[in-house]
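This briefing sets out the fold, the surface and one helix of the protein shown below. The topics are taken in that order.

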Amino acid sequence: TPEPVKAAVDWLVRHQSKNGAWQTASHTARCEKTSCEARGNDEWTVGTTALAVLALLAAGVTEGADSDGGRALKKGLVWLSQSQQRNGCFDGASSKPMYGHAMATLAMIEAGPDRLESARKGVAFLVATQTPDSGWGYTPRSAEPNSSVTIWVALALVLARDAGFEIPQKSFTGIRGWFDGVTEENYYRVGYFKKGDGKVLL
């Protein structure tokens, strides 16, 4: 494993909360020597925990491995599983739950067979909360879909499909329709809420 990757895994391990989550506001309490400067809002803990899990998985860490990284990964996945509600949503307490939910669903799919049931519930929630014939917004079935949330959901659904999950074709039709509708014809710039809205995503 390259040294920069080892250093990044070590940083994640050191900044994990005791309960298994990664928090963006209170993580500085676990800094060594010099304190990290960047702080966020702990409202987004589901999303940041999911991103940390995805980073560990990408670094080749396996759940339950006899290593600091393996133990941290397992704790993170357990925390995400315990955050999942009966309806399948991982991030019900957030004001913008679809971000964290899509990221957590991605993490569960990437984690493999041991997290299959949690991943299935997460995928089902994504399918059920799509704005009809369109994309996804900050909240379930939002009247204002946007490209930022929709691309995270699209990543999760594509990964789920490739992993053998059955995804309705209408979900992908809605994704394609959304991006067709917000993409400029000349330079292919993608708007955030609508075509040419000044908030270029890509």
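Among contacts in the protein chain between residues at least 6 apart in sequence, what percentage join residues at least 24 apart? The share is 56%. The model is predicted, and its secondary structure consists of 7 helices and 0 strands.

**Overall fold**

- Along the sequence, the protein chain reads α-α-α-α-α-α-α.
- The protein chain is as compact as a globular protein of its length, because its radius of gyration of 18 Å is close to the 17 Å that the globule rule gives for 202 residues.
- Taken along the principal axes, the box filled by the C-alpha atoms is roughly 50 × 35 × 35 Å.

**Burial, surface and charge**

- Buried residues make up 46% of the 202 residues in the protein chain.
- The exposed area of the protein chain is about 10,800 Å², with 53% of it supplied by carbon and sulfur atoms.
- There are 22 positive and 21 negative side chains, and the centres of these two sets lie 3 Å apart.

**Helix α2**

- Helix α2 covers residues 45–58; at 1.5 Å a residue its 14 residues should span 20 Å, and the end C-alpha atoms are 20 Å apart, which agrees.
- The buried residues of α2 are T45, V46, G47, T49, A50, A52, V53, L54 and L56.
- The cover over these buried residues of α2 includes α1 (3–14), α3 (68–83) and α4 (97–111).
- G60, just after α2, adopts a positive phi of about 90°.

Notes. Residues are numbered from 1 along each chain as its sequence is written. This is a predicted model: local features need pLDDT of at least 70, side-chain atom pairs count only at pLDDT 80 or more; totals for chains, interfaces and linings use all residues. Side-chain values use heavy atoms; hydrogens and water are left out. Helices (H or I, at least four residues) and strands (E, at least two) are DSSP runs, numbered from the N terminus. The radius of gyration is taken over C-alpha atoms; the globule rule is 2.2 Å times the number of residues to the power 0.38. Buried means under 20% relative accessible area, exposed over 50%, partly exposed in between (1.4 Å probe, protein chains only). Contact means heavy atoms within 4.5 Å. Accessible areas come from the Shrake-Rupley method with a 1.4 Å probe; for residues, only the protein chains shown count as cover. Lys and Arg count as positive and Asp and Glu as negative; His and the chain ends are not counted. The place of a charge is taken as NZ of Lys, CZ of Arg, CG of Asp or CD of Glu. The expected span of a helix is 1.5 Å times one less than its number of residues.
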